[in-house]
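Here are my comments on the entry, arranged as numbered points. Please read them with the structure open.

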Amino acid sequence: CSAQTGKPLHLTQISAPHAVALERRPAVQWIEQGRAYTVLEPAKPGPGSDVVRYDPQGKRTVVIAAAALVPEGSTAPIAPTDHAWSNDGKRLLLSVAAPGARRNNPICDAWTFDPGTRALRKLGAGLPGSLLYPEWSPDGARVAYVSGNDLYTESPGAAPVRLTSDGSELILNGRGDIAYEEEFSQIGRA
């Protein structure tokens, strides 16, 4: 029985998509050599999320409004679940969790946003499905990610560059399997 209603539970209430919504921790990104940070916060009013900067005194500044994150041909902004600034702080990588994303399969759609030009661009154009593990290169010139168990890099405004071509259900380029994760977690333990 449900503790809230006292009525019997149905299987779909506990196993259907979105049956159990988990609260996500805020995606905090430190910037300006630790002098401030940004988080994603629900836009008010309207849909989407704003990128908000906080300084040590708690001053809140919306640095990118959700209204700026509307893809061409759409009327609604993307709904990012994580973000990462390039090391030079000039561009933003936004991840939008894809349906079916979970801890061990964090599939997403990835976008770059340039606050200077206001350009929003989806990564992985022409690749099937969603992406995994998008990350900025150390120089901030490219984003690396996994698609179809192969590694890619992509510069904003350019086509994806495939780095591996042997990805399969058995060859997981750029992706640790459960045995690897278990072995790695044992390093440093007696």
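**Notes on a sheet and its surroundings**

1. A98 has a relative accessibility of 9% and therefore counts as buried, the cut-off being under 20%. The model is a predicted one. A98 does not belong to a strand run but sits in the loop between strand 6 (92-97) and strand 7 (108-114).

2. What does A98 contact, once neighbours within four places in sequence are left aside? The partners are I107, C108 and S130. For C108, the C-alpha to C-alpha distance to A98 is 4.6 Å, although the two are ten residues apart in sequence.

3. The strands on either side of that loop belong to an open sheet of four strands, ordered 5-6-7-8 and paired antiparallel. Strand 5 (82-85) and strand 8 (119-122) are the edge strands; each has a single partner strand, so one side of each has no neighbour in the sheet. On average, neighbouring strands here are turned by 20 degrees against each other, direction ignored.

4. Between strand 5 and strand 6 the antiparallel pairing runs over four bridges. Within this region, H83 stands opposite L94 of strand 6. H83 is also among the residues that L94 touches, with residues up to four places away in sequence not counted.

5. L93 lies in strand 6. Its relative accessible area is 2%, so L93 is buried. Leaving aside neighbours within four places in sequence, L93 contacts D82, H83 and A84, then A110, W111 and T112, and further along L123, P134, E135, W136 and V143. V143 is 50 residues from L93 in sequence, yet the C-alpha to C-alpha separation is 8.3 Å.

6. Where is the largest nonpolar core built from? It has 16 residues, and those with the most contacts inside it are I64, L69, I78, L92, L94, F113 and L120. Strand 2 (36-42), strand 6 and strand 7 each supply at least two residues of this core. Strand 6 gives the largest share, three residues.

7. L94 is one of the residues with the most contacts inside that core. Not counting residues up to four places away in sequence, L94 touches L69, I78, P80, D82, H83, D109, A110, W111, F113 and L120. Apart from the largest core lies another, of ten residues, including A110, V143, Y145 and Y152. A110 and V143 both appear in the contact list of L93 as well, whereas L94 touches A110.

How values were computed. Residues are numbered from 1 along each chain as its sequence is written. This is a predicted model: local features need pLDDT of at least 70, side-chain atom pairs count only at pLDDT 80 or more; totals for chains, interfaces and linings use all residues. Side-chain values use heavy atoms; hydrogens and water are left out. Buried means under 20% relative accessible area, exposed over 50%, partly exposed in between (1.4 Å probe, protein chains only). Contact means heavy atoms within 4.5 Å. Two strands pair if DSSP finds at least two bridges between them. Axes are lines fitted to C-alpha atoms, for helices over the stretch in contact, and angles run from 0 to 180 degrees between N-to-C directions. A nonpolar core is a set of buried Ala, Val, Leu, Ile, Met, Phe, Trp, Tyr and Cys residues joined through side-chain atoms within 4.5 Å.
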